[in-house]
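Colleague: I should be grateful for a close look at the strand pairings in this predicted model. Please explain which strands pair with one another, and then turn to the helices.

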Amino acid sequence: MFGLIHVIFKGFVVDTFGIDAWKEIMKRAGIADDSTILEMKQYDDSLTMTAVKIGSEVAGAPLDSALELFGAYFVEFAAGNGFAPLLKSLGTNLYELLSNLNILHHNVERDFASAVFPLFEVKKGASDDNFVMYYATGRPGLHPLLKGALVKATSVLFHSDLDIKELDPEEAAFLKTSEAEICLAWELTVRKRSSLSGNANKKPSTVRRKSFIDAAHGHRAALPKPVRDEPKLKEQTFGFFDFHSALTSFFACNCKCDKDEDQLNLVMNPIAETAVRPAGEPAWLGRVTADLSKQKHHILSICASYTIQEVGKHPYFVLNAQDRVKAGAALFRGINASSIASPWTDEADLEAATEFWGAYDKLDSYYDWSKSWYKQGGEKEGKIRFLSQSWGVPKDWDKIMGPDNSYAQAKAAEICCVAKEIAARELGSADNWTQVGFWLDKCCIPQGDATIMSWCVNLLEEFITFSDGLIVLLPWTYFSRLWCVYEWVCFLLVHDPMDIEICADPFIRDTTVHLYIDCIRNFKIANCQCFHEPDRQILLDKVAWYYKSPAAFEKFLKFSAIALFARCVASRRSAKAASALQPWQDLATDCGFTGLASKIEEMAKLLPIWRQAAVKFAKGGGTANLQLATNEKVDSHFRKELVPLINAQRDEAAAIEGLAHIQALKNAGKQN
């Protein structure tokens, strides 16, 4: 197990039984200096379990009781050190949290790929407060610890009490695989505390340290050598990766923005090249001014050989494809993930990222965060993804997701997760996630300069062409936003559908699936919202240019959304992934996409087979390896069976002139 488990266990023993009990445990275990087992590294599991068993003997308590108390202590420690927001983001109640726990494990795998996580599934009873939890693991003897953790989590996160009734373990046999042969089934009943109870509004106690993370980037701070006579956990500092490693050691084997309808006014910050700027101006202002001046001169030189004959027509429309690409390359910018994303557990970074995502003011200071992505020689800084998302908090967010769940934090953390996946594939290690590049309007379009901003709006297709993928942060309101749906469909005109990555883990729950279904089923471009109303006509003109009709656009949007959501659902770590495809199969049928419905049904039947094959043949012992092997099967099926259907729908929906324009753009991009 990871060393932080030993540190927390020491804190548990000292706080619960006293320092003499800890010294006696060390004596019986033959450990002269406890600092040798408190380093942030992996230790053999037998060492940890031996210490726990000795601890129960010293305390005079049964092993199961000691483990249950330790599980509760661990939750207190986690909640007191930055993990409560992450856990709350998984659900507004215990049922929702456990429903999404496999997704949390999938995210943790990015940092701890050798872990083998247990599998959780839940089956609702009469209400969210009564349900059955099924659990499968490869590690025996830890169910008392799980029991203590569940009871304490219910108390700390949801201010409720939990009753647990053990059922026949064979009821969970459907989860059993060679990676997780030990199963259990528990009936869980959550009892909300009465407001009359003296403890109803009492804030649960938590075990806090002085500091959880390095204030800059969450890297592990130096671990002080424990003082044997003063073993206070709060005096030590641990990093985000330390805690994740400890978390996985338990259950894993180690071989402020308003709602959409009430958004704040757009904050403009005009920049005049000739303006006299006051002394003491911010440093970014001079840099942005110089950058914009250079860009304007570049654009003017591109347009110099053209004559604008139609009054009111933007110069973009008279340029040939090659010059449009040159103009786009001059204005195409990117920003690294480190500036806009953060792990859930890095408190300082998450606070800064939350401020960025929570404010709907597009100041030119954010433009200074980005940089030109094309170098002088024409080479890109590296691969870059176009980030498509909606700034406004979805309607009824607090009601659906809970008032303690931040939309801004969810976006910042989800971008971090996807950046880690990209870095692991392309940059050698998930640790390099901060270097992953994104195009994001708030940082890559100068909102205060009308001239350059108008060019950027018209160059959207070029920017999408330059991008290597589309990352979609997808709450249930995404398909009601005009800019969002246009970015989605425009990308599919230019790129392979395999290059779209849906990021919906923070938003998909049993209670939100129907919202996605209804939004796609009832999609009409005329009903889409547009924060800046003048943009509506610009986008409608683009639709008219690239598509045969609004109806053709709408049909293609629905078809591609259902297909790509099916891929997303099939890739989620869950024993219920196959059955979770049923609503999407039904939606495809209802929309008249019978061929698509058939392919989704086929994928649902194949998923259990792929999972078992992954268990048998995947290299490495970690759950991440098994999930990767399963996802490779999902992607292979999607590429072979569904991508041709999407491309056929694209060709049916797109106007001949629009496709020719896109093809000319792609050809010009290759030449440049």
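Modeller: Strand β3, which covers residues 160–166, pairs with β4 in the antiparallel sense, and 7 bridges connect the two. To locate this pairing in the view, find Ser160, which stands opposite Lys192 in β4. Strand β4 spans residues 182–192 and is also joined to strand β2, residues 130–137. That pairing is antiparallel as well and has 8 bridges. Here a useful landmark is Val132, whose bridge partner in β4 is Glu187. Thus β4 has pairings with both β3 and β2.

A second set of pairings involves strand β5, residues 333–336. It runs antiparallel to strand β6, residues 371–372, and 2 bridges join them. Arg333 has Ser372 as its bridge partner in β6. Strand β5 also pairs with strand β8, residues 437–439, again in the antiparallel sense and over 2 bridges. In this case Asn336 has Gly437 in β8 as its bridge partner.

As for the helices, α23 comprises residues 550–571 and α25 comprises residues 582–590. Their axes lie 10 Å apart, and the helices pack at an angle of about 170 degrees. Because an angle over 145 degrees counts as roughly antiparallel, α23 is described as roughly antiparallel to α25. On the α23 side, Ile562, Phe565 and Val569 take part in the contact, and they meet Trp584, Leu587 and Ala588 of α25. The residues of this contact comprise 6 nonpolar ones, with no polar and no charged residues.

Key. Residues are numbered from 1 along each chain as its sequence is written. This is a predicted model: local features need pLDDT of at least 70, side-chain atom pairs count only at pLDDT 80 or more; totals for chains, interfaces and linings use all residues. Side-chain values use heavy atoms; hydrogens and water are left out. Axes are lines fitted to C-alpha atoms, for helices over the stretch in contact, and angles run from 0 to 180 degrees between N-to-C directions. Helices (H or I, at least four residues) and strands (E, at least two) are DSSP runs, numbered from the N terminus. Angles under 35 degrees count as roughly parallel, over 145 as roughly antiparallel, 65 to 115 as roughly perpendicular and the rest as oblique. Contact means heavy atoms within 4.5 Å. Ala, Val, Leu, Ile, Met, Phe, Trp, Tyr, Cys and Pro count as nonpolar, Asp, Glu, Lys and Arg as charged, and the others, Gly among them, as polar. Two strands pair if DSSP finds at least two bridges between them.
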